[in-house]
Amino acid sequence: MKKMVGVLLVLAVVVAWSSPQAIQAADYKSEYKLSTVVGKPFPWGIAGERWAELVKEKTNGRINIKCYPGTSLVGGDQTKEYTAIRQGAIDMAIGSTINWSPQVKELNIFSMPFLMPDYKAIDALTGGEVGKEIFKILESKDTIPLAWGENGFRELSNSKRSISKPQDLQGLKIRVVGSPLFLETFTALGANPTQMSWADAVPALSSGAVDGQENPLTIFTVAKLHAAANQKYLLLWGYVADPLIFVVNKDVWKSWKPEDQKAVSEAAVQAAKENIIAARKGLIPPDDSGIKEVEALGVNVIRLTDAQKAEFKKATQPVYDKWAKQIGESLVKKAEDAIAKRK
Ligand code: X2X
């Protein structure tokens with residue numbers, strides 16, 4: 001009898017000792033849903049696959065991620081993605097600052113016309129105080145941000161004419177996405193902006209329902225917009241750029257063991273690093289092979305002189321000033337200072 005009690009005691013201790021972990025493992029979902037707007041072979045989609053692959057490796061298969069490109073978990077409505085992450089319908093995502101800006105007003109900072117003149121300016125924001133502040137804001141909204149990736153500088157294409165001054169945009173129907181800031185910027189330039197998802201944009205451009213769009217060159221070339229959407233004219237003006245953010249829903253994050261959290265975080269950092277390299281390939285001066293590639297497709301590419309760029313900046317300045325107040329003047333000031341000091 002004594003022996004029996006002893007065995008039971010030992011068993012009880014073993015169960016008590018092992019159960020927290022057993023419960024935790026049982027808590028893990030068989031699949032975690034990762035949302036992106038575009039899939040492979042866009043650099044953004046490749047980043048999703050890479051994150052999933054690295055996580056699987058680093059967690060010995062404990063965390064299994066499936067990619068859902070086309071923002072399919074929200075029926076393609078990319079501006080609803082952030083809400084779905086908060087609510088848990090999406091477990092994790094690599095999202096554009098533009099698509100989440102309707103819910104997180106500070107993310108509009110990257111869409112402020114002509115705030116960031118070059119890649120070093122993007123890095124000065126994401127890698128500095130501004131990036132930290134934005135991550136804190138995201139953390140306060142039930143999402144765990146892990147790394148900054150990149151969609152890229154957004155260039156303007158259209159089917160109608162070559163553009164080198166604001167007047168050339170007069171009356172052009174331009175597809176934009178995201179927050180009202182885009183509608184106001186293009187209205188200030190004399191264009192006729194219309195808001196729609198990426199899923200709707202390509203058919204609308206192909207049918208001629210809209211004349212133009214703005215997106216990074218990697219999106220332009222992989223989607224073959226010159227052929228699929230008759231986009232024969234391209235203006236390189238780098239007026240805004242959208243970083244990507246790797247996030248995990250907070251409850252999902254909390255359900256993981258610390259070692260798995262670490263693995264997911266390290267995998268995000270690695271995938272993001274590779275993503276930024278892919279997004280910038282052939283686009284960092286003096287290497288302009290990415291632009292030459294577009295020209296070789298027969299696209300008429302316009303590069304602006306500083307004076308020409310200043311005209312666009314001037315025309316959009318009232319929008320900038322208005323949105324600096326909406327975003328928060330101290331954050332905008334921080335961003336301007338970081339850019340002025342960039343190395
Ligand atoms: O919809 C777009 O233009 C895209 C693919 O660049 C974003 O999701 C912001």
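In this predicted model, Val-240 sits in the loop that links strand S9 (233–236) to strand S10 (241–249). Although it is a loop residue, Val-240 counts as buried, because its relative accessibility is 2% and the cut-off for buried is under 20%. What does Val-240 touch, once residues up to four places away in sequence are set aside? Its contacts come from several parts of the chain numbering: Phe-110, Ser-111, Met-112 and Pro-113, then Gly-152, Phe-153 and Arg-154, and also Phe-182. Asp-118 can be placed relative to this loop residue as well: 122 residues separate Val-240 and Asp-118 in sequence, while their C-alpha atoms are 9.8 Å apart in space.

Phe-312 offers a helical counterpart, as it belongs to helix H14 (residues 306–327). Its relative accessible area comes out at 0%, so Phe-312 is buried. Leaving out residues up to four places away in sequence, Phe-312 touches Phe-114, Ile-163, Ser-164, Lys-165, Pro-166, Leu-169, Leu-189, Leu-235, Trp-237 and Leu-304. One of these partners, Lys-165, is 147 residues away from Phe-312 along the chain, yet the two C-alpha atoms are separated by 6.9 Å.

Contacts of this kind fit the overall numbers. Of the contacts in the protein between residues at least 6 apart in sequence, 74% join residues at least 24 apart. Buried residues account for 52% of the 343 residues. The fold is built from 15 helices and 11 strands, and its C-alpha atoms fill a box of roughly 95 × 40 × 35 Å along the principal axes. On the outside, the protein exposes about 15,500 Å², with carbon and sulfur atoms supplying 56% of that area. As for charge, there are 44 positive and 38 negative charges, and their mean positions lie 2 Å apart.

One helix pair can be described in some detail. Helix H6 (residues 129–139) and helix H15 (residues 329–340) have axes that come within 9 Å and cross at roughly 145°. On the H6 side the contact is made by Glu-129, Val-130 and Glu-133, and on the H15 side by Leu-331, Lys-334 and Ala-335. By residue class, this contact of H6 with H15 splits into 3 nonpolar and 3 charged residues, with no polar ones.

The backbone has some details worth a look too. A cis peptide bond joins Lys-40 and Pro-41, with omega at about 0°; Pro-41 lies in the loop between strand S1 (32–35) and helix H2 (43–58). Another cis peptide bond joins Pro-285 and Pro-286, this one with omega at about 5°. Pro-286 is found in the loop between helix H12 (258–280) and helix H13 (289–296).

Positive phi values turn up at Thr-71 and Asn-230, neither of which is a glycine. For Thr-71, phi is near 40°, and the residue is placed in the loop between strand S2 (65–68) and helix H3 (81–87). For Asn-230, phi is near 60°, and its place is in the loop between helix H10 (225–228) and S9. Is each of these loop residues buried or exposed? Thr-71 counts as buried, because its relative accessibility is 1%. Asn-230, with a relative accessible area of 39%, is partly exposed, since that class covers values between the 20% and 50% cut-offs.

Terms used. Residues numbered from 1 in each chain as written. Predicted model: local features only at pLDDT ≥ 70, side-chain atom pairs only at ≥ 80, totals over all residues. Heavy atoms only, no water. Helix = DSSP H or I, 4+ residues; strand = E, 2+ residues; numbered from the N terminus. Buried < 20%, exposed > 50% of the residue type's maximum accessible area, 1.4 Å probe, protein only. Contact = heavy atoms within 4.5 Å. Areas by Shrake-Rupley, 256 points an atom, 1.4 Å probe, with all protein chains shown as cover. Lys, Arg positive; Asp, Glu negative; His and termini not counted. Charge placed at Lys NZ, Arg CZ, Asp CG, Glu CD. Axes fitted to C-alpha atoms, helices over the stretch in contact; angles between N-to-C directions. Nonpolar A, V, L, I, M, F, W, Y, C, P; charged D, E, K, R; others polar.
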